[in-house]
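Here's a quick walk through how one chain meets its neighbours, and how far to trust the picture. Have a look at the model first.

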Amino acid sequence: MNEELRNIWTQFFNWVMGNGPRPENEVIPPEPPPALPFSQKPTDKFSRFHEATLKERYTQWLELHGLHLFSVIYSGLSVLTCIVIVSLLLATVAELPPFGHERNPANNEVIRRYVQHGGRETGAQNIVAGLILDYRAFDTFGESAVLFTAAVSVLMILGASRRNSLKDSQNPHTDPEGRNFSQRGPPVIRHHLLRKDDAILQGVASLSIPVILMMGCVVVINGHLSPGGGFSGGAILSTALILAANAFGFERVHNFFNERTFIVSSSTALMIYALSKGYSFFTGANHLHSIIPKGTIGDILSAGLILPLNICVGLIVAGTLYGFYALFSEGDM
Amino acid sequence: MLEKLLLNHYEAAAVILSGIGLTNLLLQRNLIKKIIGLNIMDTAVYLFLAAKGYVEGRAAPILLEAQGGGWITNPDVYVNPVPAGLVLTGIVVSVSVTAFALALTLKLYEHYGTLNIDEALMKMTEQQEELETKISDAEEDVLA
Amino acid sequence: MINMFAYNIPFASIFLMMIAAIITPLLPNRNRLPEKLSCYLIGTVGVLSAYLLYTLTNSGQSLAFNFSMGHFPAPWGNELRAGPLEAVLALVFSVAMLLSLLGNFSSTQEDIAPARRNIFCVLVNLLMASLLALTYTNDLFTAYVFIEINTIAACSIVAVKEGAETVRAALRYLVMSLVGSGLVMIAICLLYDLTGHLLMQNMHGAIQVLVTTKSYIMPLTVSLALITVGLAIKSALYPFASWLPDAHGSSTNASSAILSGLVLKGHIFTIIKIFYRVFGLDVIHALRMDTVIFALGVIAMIMGSVHALRQKNVKRMIAWSSVAQVGYIFLGVGLNTTAGIAAACLHIIVHACVKPMLFTAAGGLSNSAGHKKGLHALMGTFYVNRWAGLGLIAGACSMMGVPAFAGFASKLRLMMASFDTPVVVWSLAALATSSVLNALYYVPAVIVILTHSKDAQKNFTVHPPTKLYNFSMCVFLILNFYLGLFCVPLLRLITRGVNVL
């Protein structure tokens with residue numbers, strides 16, 4: 001028993017220190033193909049099998065350049081900084097207004113109006129939905145733009161370049177303008193233990209995917225009436241896509257949702273969002289009358305723009321999260 | 001001070017968590033662990049915000065139906081809705097940033113074969129030195 | 001009251017850039033359509049900002065106005081605020097962005113794979129939108145959201161040039177930036193809890209009340225410190241600037257120019273707004289934050305130059321020089337007077353015009369030396385690409401503070417602003433030392449490019465500079481001399497802007 005405990009502790013300690021043993025069942029990438037004639041760096045240097053020697057070389061290098069002291073000082077300083085920040089923050093927290101008290105500064109006239117008139121002014125039963133999609137809609141627009149930025153960046157880093165380098169490695173000079181952009185070894189191709197004929201997984205998936213899709217749609221469409229909305233509903237929808245990809249293979253999902261559909265759907269959804277919100281910002285700031293009806297609180301078709309905005313956001317989030325998954329696991333969409 | 005900390009125990013826990021996250025972000029050499037640290041820090045901030053929105057004995061900010069029809073719009077019935085909106089924004093930002101950081105990490109691994117940013121630096125300097133020696137060798141050849 | 005058209009310009013310029021970013025992925029990748037769209041729209045934003053500035057200066061008493069985003073007034077909805085300072089900054093940002101893009105057009109085409117050019121344009125548009133939003137916003141949480149957009153877009157335009165080095169630089173930049181965003185987020189939560197507002201002016205009122213009643217002083221100090229440190233990491237104030245030379249030195253020339261000239265400035269202007277509009281200068285002084293900022297600024301001025309002296313790669317040298325120049329700006333902010341902040345804003349503008357010129361010039365010179373970036377490889381390149389050589393010389397003179405160049409004007413104002421403060425000796429000593437240090441690394445660079453060398457010129461692969469390159473270099477030079485010789489009306493405008501910030 002004692003032995004086991006110690007074993008577990010050493011394993012945990014090793015894991016924390018980052019030098020744990022390589023797990024038995026790890027999928028090891030295949031040997032990279034021989035180095036391309038134009039690549040400057042020898043590829044064998046980069047394979048995972050040199051990890052152990054890499055660590056040794058790193059320590060040697062540190063000592064060679066006299067950086068050992070520096071890295072010790074850096075670690076010490078970081079620990080010190082963290083301790084200082086945590087103790088400062090703890091002291092601050094002790095001074096803050098008490099938890100859950102109704103006379104705290106945050107419970108002021110701003111909140112009163114959100115609650116008292118929120119229903120009438122936005123038409124939404126869910127005050128938070130009214131808050132983020134009507135009162136403070138510019139923040140939420142920025143937030144969707146953050147997601148869009150990240151999606152575009154990840155697509156750039158993982159998607160386009162990987163396809164190019166794969167193409168390059170087959171045919172080094174396919175670049176339309178005759179320039180050579182890949183100056184490195186071939187990409188690491190991640191392999192999956194993905195079995196496309198797993199009957200149990202497929203059976204469960206075909207049962208649960210419709211339920212998940214329905215659930216996602218309900219959460220998106222009821223965003224202005226109940227907890228949820230575009231972001232949470234979109235996340236649920238994306239899990240259905242991910243499950244489908246895992247059970248039936250990426251090719252099947254690829255048939256109806258590929259990179260082009262992803263770009264077109266998220267750009268269009270975000271564009272609708274931007275234009276409709278732009279309209280309401282413009283009319284609001286210039287004191288013009290907005291033609292969008294608010295409806296009656298509690299109805300599905302109420303709350304003005306909130307319902308269509310939730311649907312747009314749901315589309316963006318579902319596409320983006322599935323896109324992240326596909327790009328990370330397959331390197332392609 | 002301890003009494004006050006106990007009174008604000010949610011916030012205190014959030015602050016300690018964010019300290020753990022920050023320590024991981026600064027100290028871990030492995031990028032994946034750095035990113036996990038970042039996520040711990042973000043989550044701590046959401047805990048903090050959620051705790052700040054809570055008001056004792058009040059309901060979630062979704063309008064309740066009054067008994068005689070219509071809606072209860074008395075502000076003393078519901079908790080503060082603003083932190084919920086801020087947490088939502090924060091979560092989306094953190095998802096995006098995490099995905100972007102992981103994508104860059106993957107790319108770094110493809111280029112250097114390591115997840116440690118300092119080892120990557122070492123490899124880069126080594127390559128540069130190799131390149132420089134090559135160039136100087138070539139120059140010497142030319143001179144000879 | 002200003003007219004309807006000018007009133008809508010802040011909102012319109014942010015939305016134009018946003019919509020451009022959203023629509024660019026849908027455009028066909030032919031005929032350089034995305035690049036053209038970005039350039040035209042950034043130009044439009046510049047024209048609109050100039051018109052806004054013109055209207056604001058001729059409108060008489062009401063110099064700044066608030067623009068509520070939506071149907072709900074200030075503390076409930078989001079808000080933008082525009083005054084002369086914001087309009088000037090928007091104008092400068094768009095001009096510098098446009099010139100950086102135009103000047104480095106051919107090097108961008110060389111460095112970036114065709115499949116990525118479209119996305120590069122998306123990122124540039126998003127960066128511009130986030131810079132405009134940071135300039136105009138009057139809401140702290142909106143500022144946080146756009147800081148995040150700015151961070152992701154800035155890191156990806158570092159990584160847009162393929163290569164191992166850029167990925168490493170981008171990751172380092174990203175990790176440092178994320179520490180910064182985390183601190184900013186915590187600080188915003190603390191401030192919201194203390195004041196119950198997210199809008200800058202309402203926060204200001206609540207903070208004044210807290211300070212006069214002497215309640216919650218400790219949390220206020222901590223949140224001010226956290227938000228300052230967080231934004232200082234993002235704007236590369238010295239002890240937190242270790243990421244900058246990698247990121248700016250390794251990326252493509254257009255990215256370096258945009259990052260050094262503009263992205264840092266967005267964060268610095270946010271700090272200025274937080275100091276001036278949210279806390280107020282007297283509170284900053286009472287919480288002693290001005291001394292800290294001043295000291296960090298002085299250290300940055302010296303240490304940035306010391307690091308620059310040790311660089312062999314010309315782009316890394318210019319990048320470290322940015323650290324020193326950020327130090328100048330923080331010195332002005334740390335003086336904690338209206339004149340000091342006005343001088344800091346002038347230096348923001350000067351640096352936003354000069355640093356892209358230096359990066360573009362260095363890119364052009366190393367291009368004519370066969371893509372070598374080492375300082376010695378540039379020997380004699382002045383005679384191959386004269387416009388680039390002139391740009392480097394003018395930029396170097398400006399950074400050293402030679403009279404009639406842009407840098408001289410702003411350094412002079414910083415000096416004059418520090419005369420009324422108790423730290424005058426320190427700031428004069430720092431300005432003098434830093435100018436000498438600047439000269440120590442810029443003069444050799446100028447001498448190198450002016451030295452004739454027959455051997456070296458044989459190796460040059462002569463890429464004749466394009467017309468666009470010469471045009472943008474020419475405009476940069478004109479801007480440089482304009483700022484150096486006629487900055488008095490501009491400074492008057494900035495001072496009026498700071499007063500209504």
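Start with chain C: 48 residues of chain A are in contact with 51 residues of chain C, where contact means that the C-beta atoms, placed from the backbone, lie within 7 Å. On the chain A side, α3, α4, α5, α6 and α10 (259–285) each give two or more residues; the labels are DSSP runs numbered from the N terminus, with helices (H or I) of at least four residues and strands (E) of at least two. α6(A) has the largest share, 16 residues.

A word on ground rules. This is a predicted model, so local features need pLDDT of at least 70 and side-chain atom pairs count only at pLDDT 80 or more, while totals for chains, interfaces and linings use all residues. Residues are numbered from 1 along each chain as its sequence is written, and chains are lettered from A and ligands numbered from 1 in the order in which they are written.

Now chain B. That contact takes 61 residues from chain A and 57 residues from chain B. The chain A elements giving two or more residues here include α2 (51–64), α5 (127–135) and α11 (306–330).

What sort of residues does chain A put into each side? The table sorts them by class. Ala, Val, Leu, Ile, Met, Phe, Trp, Tyr, Cys and Pro count as nonpolar, Asp, Glu, Lys and Arg as charged, and the others, Gly among them, as polar.

| Side of chain A | Nonpolar | Polar | Charged |
|---|---|---|---|
| touching chain B | 36 residues | 16 residues | nine residues |
| touching chain C | 27 residues | 14 residues | seven residues |

One helix pair across the chain B contact is worth a look. α5(A) packs against α4 (residues 82–112) of chain B at about 60°, with the axes 9 Å apart. That angle makes α5(A) oblique to α4(B), oblique being what is left after under 35 degrees (roughly parallel), over 145 (roughly antiparallel) and 65 to 115 (roughly perpendicular). Val128(A), Leu131(A) and Ile132(A) in α5(A) meet Val82(B), Ala84(B), Gly85(B) and Leu88(B) in α4(B). By class, that's six nonpolar, one polar and no charged residues.

How confident is the predictor? pLDDT, its confidence in each residue, runs from 0 to 100, and chain A has a mean of 75, with 76% of its residues at 70 or more. Within chain A, α2(A) is lowest at a mean of 68, and α7 (residues 199–221) is highest at 90. pLDDT stays under 50 over residues 34–49 of chain A and over residues 167–187 of chain A. Where pLDDT is low, the predicted coordinates shouldn't be read in detail.

Note on methods: Contact = placed C-beta atoms within 7 Å. Axes fitted to C-alpha atoms, helices over the stretch in contact; angles between N-to-C directions. pLDDT = per-residue confidence, 0-100.
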